[in-house]
Structures are given as C-alpha cells and as structure tokens.
Amino acid sequence: MKVEMIIPNQDNDGSDNAELIETCITRFCENYGGATVYQANGFWINEEGRLFKDDVSVIIAAAIEGKKAEEVRDLAKMVLGVTDQEAVFVSINGKAEIIE
C-alpha cells in the first residue's frame, strides 16, 4: 500500500515551508520506515476560475495495509493547523483525498 502527501514549498503568505516539510519527512520515516521525496509543480483553479501554480514537495512511502496508513490523514491535519493552506492532498493506496 502506498501513502502520499503533497505540501507546497511556500505557504499562501509566501513563507518557506522547508521546516514543516522536513518534519513531515521525519514522521513518514517514523511511521512507514522510509520515504521518497521529489519536487513537482502543482496547479489548481479557484472558484473564480483563476489558475494557480505552486512548487510542491511530494512525499511517498509504502505502508503495511491497516498499519499506520491512516496516520497520513492526521499528518495532513497537522499541516493545515500550522499553515494557511486551504487543503492538503493525500492519497492512500491510490485513493485521493483532499483534507480540509
């Protein structure tokens, strides 16, 4: 089973999320035994139809089914609590979720 989370490299106010991303990488390693991280571009359209682009870090790990796979949701909620992001993308075994 694969778990995945995407975090913008900068918060909506322009502040650097590097420390938060490192914290999430550490939590992935603690929960799943390791992680793969790569840089990507994320795009989204707001309610007014404006296209936004974010530089993002994608964190991926293998998780034993039923064991800590759900932890990625709690981690996404933590990200929301310390940033001004409106939502965080997670995926558990290919099932995408937007945590708000």
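This passage describes the pockets and one surface patch of a predicted model. Local features were accepted at pLDDT of at least 70 and side-chain atom pairs at pLDDT 80 or more, whereas totals for chains, interfaces and linings use all residues. Residues are numbered from 1 along each chain as its sequence is written, and side-chain values use heavy atoms, without hydrogens or water.

The largest pocket (an open set of points on a 1 Å grid where a 1.4 Å probe fits, with protein on both sides within 12 Å along at least five of seven lines) holds about 450 Å³ of space. Of its 17 lining residues (those with an atom within 4 Å of a point), Pro8, Trp44, Asp54, Gln85 and Ala87 are the closest to the centre. Strands 1 (2-8), 2, 3 (51-62) and 4 (88-92), taken as DSSP runs of E of at least two residues, each give at least two residues to this lining. Strand 2 supplies the largest share, four residues. By class, 10 nonpolar, four polar and three charged residues make up the lining of the largest pocket.

The second largest pocket contains about 160 Å³ of space. Its lining consists of Pro8, Asn9, Gln10, Asp11, Asn12, Gly14, Lys53, Asp54 and Asp55, with the largest share, three residues, coming from strand 3. One of these lining residues is nonpolar, four are polar and four are charged.

On the surface, Phe43, Ile45 and Leu51 form a nonpolar patch with about 350 Å² of accessible area together. Patch members have over 30% relative accessible area and no salt bridge, nonpolar side chains being joined within 5 Å; accessible areas come from the Shrake-Rupley method with a 1.4 Å probe. Ile45 belongs to strand 2 (residues 36-45) and is classed as exposed because its relative accessibility is 57%, the cut-off being over 50%.

Technical notes
Patches are made of residues with over 30% relative accessible area and no salt bridge: like charges are joined within 9 Å, nonpolar side chains (Val, Leu, Ile, Met, Phe, Trp, Tyr) within 5 Å. A salt bridge is a side-chain nitrogen of Lys or Arg within 4 Å of a carboxyl oxygen of Asp or Glu. Buried means under 20% relative accessible area, exposed over 50%, partly exposed in between (1.4 Å probe, protein chains only). Grid points are joined across faces, edges and corners, and a volume is the space filled by probe spheres set on the points. Ala, Val, Leu, Ile, Met, Phe, Trp, Tyr, Cys and Pro count as nonpolar, Asp, Glu, Lys and Arg as charged, and the others, Gly among them, as polar.
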